[in-house]
Structure formats: structure tokens, C-alpha cells
Amino acid sequence: MSLLLNYIIDKISAANALHGKKLKKNIASFDSSYYERVNAFLSKYELMLQKNDKTIDFAIDCYLQMLADVNYETVQFVRTGRYSSHSFEDVRKKVYSNPEVMTYYMHGLMLSQFLWAHHYKILEAFIENLSRHHSNINNYLEIGGGHGLYLSEAIRILGPDKDYTLIDISPSSIEMTKEWLGNTNVNYLIQDVFDYNPKNKFDFISMGEVLEHVENPKALLIKVSSLLTENGYLWITTPTNAPAIDHIYLFRNTNDIHQVITEAGFDIIEKTTAYAEDVSDEVAEKFKVSMMYAALLKKH
Ligand SMILES: C[S@@+](CC[C@H](N)C(=O)[O-])C[C@H]1O[C@@H](n2cnc3c(N)ncnc32)[C@H](O)[C@@H]1O
């Protein structure tokens, strides 16, 4: 394990021993390519933090704050069977337009991509899927980029000479992505995707963890379909049973997600799923263990 990764895990373990134990187990389960990826990520991330007069301790605090939010929301979810937020407008005010909340949330989420087994598996699946289907992609749209990690992976795979557009409703997400990408050429838009009506359509659209943030995910997929070329690919990820401060729409299982995808006029080309805990399907279903779902889609 690298020194920095060790430091992060030790500091998280000191604050929350049980969670630290889980992270160690996650990391032990990853293959050797993980270390190459996480070391490259952490070197770049440390530089970005330094440029903003911050250290990795800041990022660890962000992660712990995000974790505290998830734990709080989980207690509400177990008690009521529902997510605590129901209105997009409320979440926009409370989270997306609140730089303090968005900053710790997006830094925490960025670290989770390399600390949580189910998030890392989805990141790997994205890299594999985009690498396999990268021909004929001239313009690329990311919706709800958040921290910007997925967009940086797309640019690494496709090369810097393609047309890249990022749309996100949160000014804080756009700011963090700009910091993460440096002076890469990207068309940045601070906007609700429902209001986005560009002249051109996109060959590849990536929309990670946004479907559960809207009141009507089917309407969102229909909107996104209108932005995609006829032969274009859409990459989506969304969780089931995953309470968070900005999650509105509850997908209870894979069938719920498939229904929305099909009704919006998409075919599933490939899919990946990963539970947040190392449990069987039966246990996951019984105890509503959160699952990440990812799929590469094409229009019917
Ligand atoms: C949880 S983050 C996802 C980050 C990243 N894509 C990932 O998969 O880890 C959700 C992002 O979607 C943005 N978002 C939510 N609703 C949106 C909308 N209607 N239009 C544009 N962006 C939206 C939020 O501001 C936030 O940056």
C-alpha cells in the first residue's frame, strides 16, 4: 500500500474503527491494477489540494463528514423506508447551491471512488466500457460530473482533441472539476439538464449518479435520449436503497431501474452491479443493502 493511502486509511480508522476495518478489507480485495490507479489518483489529488492551500487531511475530514451524513440518512431510511428528501427544489437549495456542503460532499465522494469496493468496481466498469466502445466518438457530454473524476478518465481514454461538454446544476461541482482538470479544453455549463437544448447531439453521454437525484428519472432519460445521436451510447449509474442528503427517487431493486430504462426507449448493452456490503443476493434483498447499478445503453 502507498504511504499516502496508508495514512488515509489509518486516519479514517482512528475516527471510525469499524469503518476503517471495512476499507482495509475492500482494498485487500482489489487486483494489482488498483495500486497503479490509486497512486496516480492520489499524486494528482494531492497537487490539486496543495494548489488550493489544502492538505489530504482536509479531504479526509470531507470524507468523514460525508460518511456521517450517509449514516444519519441511513437511520431515517431504516425507520421510514423512504429517502428524507422528496423535492428537487429543496435539494437544490440545501445541497447544490450550498458551497460548504457541496465541497465536503464532492471531495468525500471522490475519495470513495477508491475506498468503497462497489464504487471502485463501477469506475473500473466505466473505464472498460468506454475503452471498448471508443470509436466514432467525436463529442462527449457528461451530465452531473460532480467531482470530475469520470470526465478526467474519459479525456484520458478518448484524448484531449474531442469536444467535451460538462453540464452540472451546481457551481461548486463545476469549480471542483475545473480544478481537477486544469487547463483541459471543456465547455462548462452551470445548468439544469432539463433546460439544456444544444444544436448538436452527442456520440457518448455519461450520467453517473444523477437519476436518483430527480423526481422523475424516466423524464430525465427521455430528455437525455433527445441529446444523444441515433447510434450513440449512454452510460448511466444509479444506486438502489442508498440514502443520501440529495437522493430523492428510491429505486428498490434492479427491476425498478430496468423498467425506467425500457420505458424511456433504451436497450441495455452491458450492465454491472455491486453491493455496498459483501453479502449474498438474499441477504442484500432482505436487509435492503445498497447496490450500485451501471449500464451502457443505446436507443431502441
Ligand atoms: C452525486 S453527484 C455525481 C458525481 C459523479 N457523476 C459520480 O458518478 O460520482 C451528482 C451531481 O449531479 C448534479 N445534478 C443533480 N441534478 C442535476 C440536474 N438536474 N442537472 C444537472 N446536474 C445535476 C449535482 O450537482 C452533482 O454534481
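This is a walk through the model in your viewer, one selection at a time.

Before you click anything, note that this is a predicted model: local features need pLDDT of at least 70, side-chain atom pairs count only at pLDDT 80 or more, and totals for chains, interfaces and linings use all residues. Residues are numbered from 1 along each chain as its sequence is written.

**Stop 1: the two domains**

Colour residues 3–115 as domain 1 and 117–299 as domain 2; these bounds come from an automatic or database domain assignment. The two centres, taken over C-alpha atoms, are separated by 19 Å. Now show the contact, which takes 29 residues from domain 1 and 24 residues from domain 2. (Two residues are in contact if their C-beta atoms, placed from the backbone, lie within 7 Å.)

Which helices of domain 1 each supply at least two residues to the side that touches domain 2? Select α2 (17–29), α4 (56–80), α5 (88–96) and α6 (99–115). Helices (H or I, at least four residues) and strands (E, at least two) are DSSP runs, numbered from the N terminus. The top contributor on that side is α6, with nine residues. By class, this side of domain 1 has 15 nonpolar, ten polar and four charged residues. (Ala, Val, Leu, Ile, Met, Phe, Trp, Tyr, Cys and Pro count as nonpolar, Asp, Glu, Lys and Arg as charged, and the others, Gly among them, as polar.)

**Stop 2: two residues inside domain 1's helices**

Go to Ile12, in helix α1 (residues 3–15). Ile12 is buried, with 21 other C-beta atoms within 10 Å. The term works like this: a residue is buried if 20 or more other C-beta atoms lie within 10 Å of its own, exposed if 12 or fewer, and partly exposed in between, with C-beta atoms placed from the backbone. Leaving out residues up to four places away in sequence, Ile12 touches His19, Gly20, Leu23, Ile60, Tyr63 and Leu64. For a sense of scale, draw a distance from the C-alpha of Ile12 to that of Gly159: they are 147 residues apart along the chain and separated by 35 Å.

Next, pick Met66 in helix α4. Met66 is buried too, with 22 C-beta neighbours inside 10 Å. Not counting neighbours within four places in sequence, Met66 is in contact with Tyr104, Tyr105, Gly108 and Leu109.

**Stop 3: strands β1 and β2**

Move to β1 (139–143). Four of the five residues of β1 are buried, so this strand is largely enclosed by the rest of the structure. Add β2 (residues 163–168), which pairs with β1 in the parallel sense over five bridges; strands pair if DSSP finds at least two bridges between them. Show side chains and look across the pair: Tyr140 stands opposite Tyr164, and Glu142 stands opposite Leu166. Most of β2 is covered as well, with five of its six residues buried.

**Stop 4: helix α8**

Select 149–158 for helix α8, where Leu149, Tyr150, Leu151 and Ala154 are buried. What do the buried residues of α8 pack against? Turn on α6, α7 (117–132), β1, β2, α9 (171–181) and β4 to see. Right after α8 comes Gly159, with a positive phi near 95°.

**Stop 5: the ligand**

Centre on the ligand, which 21 residues surround. (Here a residue is near a molecule if its C-beta atom, placed from the backbone, lies within 6 Å of it.) The closest are Gly144, Gly146, Ser170, Ser173 and Gly208. The shell holds ten nonpolar, eight polar and three charged residues.

**Stop 6: helix α10 and two unusual loops**

Take α10 (residues 217–225), where Pro217, Leu220, Leu221 and Val224 are buried. Look down the helix axis: the buried residues of α10 fall within an arc of 95° (using directions from the axis to the C-beta atoms), so they line one face of the helix. Their cover includes β1, β4 (202–208), β5 (228–240), α11 (254–263) and β6 (266–275).

Finish with two loop residues. Glu209 sits in the loop between β4 and α10, and has a positive phi, near 55°, without being a glycine. Glu209 counts as buried, with 22 C-beta neighbours inside 10 Å. Asn241 lies in the loop between β5 and α11; its phi is also positive, about 45°, although it is not a glycine. Asn241 is buried, with 22 C-beta neighbours inside 10 Å.
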